[in-house]
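Hi,

Here is the structure I promised to pass on to you. Have a look at it first, and then read on for what turned up in it.

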Amino acid sequence: MTTSAPTQAHIVLVPGFWLGAWAWESVAADLRDRGHHVTAVTLPGLDSADTDRSGIGLDDHISAVAGAVAATPVSERAVLVAHSGAGPVAYAVTDRIPDALARVIYVDSGPLQDGAALRNDLDPSATELPLPGWSELEAEGNSLEGLDEAMLETFRSRAVPEPAGPARATFALRNSRRLEVPTTVICTSFPSEAIRQLAGVGHPMAAELGRITNVDYVDLPTGHWPMWSRPADLAEEIDAAASR
């Protein structure tokens, strides 16, 4: 008896720092209109400003994303999409359950190496990271291109402090089969050629991309938050990658 291959994609969307599932609303609606099953994730500690974030660790974030992927129906292919600081968490999921994923898509993001941390500059006593001012974000390399005042106001009003525990924890990667998971990098703040070059020379921020066996690069020029600045175009690129 021959079992047919899954056709529909279950697309799991994971936002970056300070964001919840709400950040994907436009993109998620577009992808559903294209026929995909979509799950947008709010990582532990990002549900409310009133949440106690002191006990949240990196494994809580990895487990939440792995759980969303594991809930994929057998008739569908699991495609994991991660934005910004969620990229290394998604990569840890490929390390934990590589066979469960048809593809991982990094949106202005990417994987980190074994033993690396998202932030090495945090006060050990800090329990959370509030959303910085716009000028500080831009100084750290987070382009606001394409975001108007209304978008920025929504961002500021809905943002939740990021748990510090996951941000300062080091990643432990053990399963080499993560390198076989098909990967797409959607480059928004920096051109794909620049990312390729960094991967080629083993730069710490892109070295793992140079180790993955199947990586596609897509250019979508805009700022660091394309789910707001170019939502239709981002949905189109996710759809194209998920359909490969």
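Let me start with a helix pair: in this predicted model, Ser-26, Val-27, Asp-30 and Leu-31 of helix 1 touch Pro-231, Ala-232, Leu-234, Ala-235, Ile-238 and Asp-239 of helix 10. By class, the residues of this contact are seven nonpolar, one polar and two charged. Helix 1 spans residues 25-33 and helix 10 spans residues 231-242; their axes lie 9 Å apart, at an angle of about 50°. The two helices are therefore oblique to each other, as the angle falls neither under 35 degrees nor in the range from 65 to 115. Their crossing is right-handed.

A second pair is worth putting beside that one. Helix 2 and helix 3 (residues 87-96) have axes that come within 9 Å and cross at roughly 70°. Because 65 to 115 degrees counts as roughly perpendicular, that is the label for helix 2 and helix 3. This crossing, too, is right-handed. On the helix 2 side, the contact is made by Leu-58, Asp-59, His-61, Ile-62, Ser-63, Val-65 and Ala-66, while helix 3 brings Val-89, Ala-92, Val-93 and Arg-96. Seven of the residues in this contact are nonpolar, two are polar and two are charged.

Now to the empty space. How many cavities of 30 Å³ or more does a search of the whole structure find? There is one, and about 70 Å³ of space lies in it. The lining of this cavity has 13 residues, and those closest to its centre are Phe-17, His-61, Gly-85, Val-89 and Glu-162. Two of these names may look familiar: His-61 of helix 2 and Val-89 of helix 3 also take part in the helix contact described above. Helix 2 (58-70) and helix 6 (164-168) are the elements that give two or more residues to the cavity lining. The lining is made up of nine nonpolar residues, three polar ones and one charged one.

Then there is the largest pocket, with a volume of about 920 Å³. Its lining counts 33 residues, of which Ser-84, Asp-108, Asn-142, Met-205 and His-224 are the closest to the centre. Which element gives the largest share of that lining? Strand 7 does, with three residues. Strand 7 covers 183-187, and both this strand and helix 7 (192-200) supply at least two lining residues each. Sorted by class, the pocket lining holds 18 nonpolar, 11 polar and four charged residues.

If you open the model, you could begin with His-61 and Val-89, which are among the residues closest to the centre of the cavity, and then turn to the pocket around Ser-84 and Asp-108.

Best wishes

Terms used. Residues numbered from 1 in each chain as written. Predicted model: local features only at pLDDT ≥ 70, side-chain atom pairs only at ≥ 80, totals over all residues. Heavy atoms only, no water. 1 Å grid on protein atoms, 1.4 Å probe; cavity = no way out; pocket = protein on both sides within 12 Å on 5 of 7 lines; lining within 4 Å. Points joined across faces, edges and corners; volume = space filled by probe spheres on them. Helix = DSSP H or I, 4+ residues; strand = E, 2+ residues; numbered from the N terminus. Nonpolar A, V, L, I, M, F, W, Y, C, P; charged D, E, K, R; others polar. Axes fitted to C-alpha atoms, helices over the stretch in contact; angles between N-to-C directions. Parallel < 35°, antiparallel > 145°, perpendicular 65-115°, else oblique. Left-handed = near helix turned anticlockwise from the far one by under 90°. Contact = heavy atoms within 4.5 Å.
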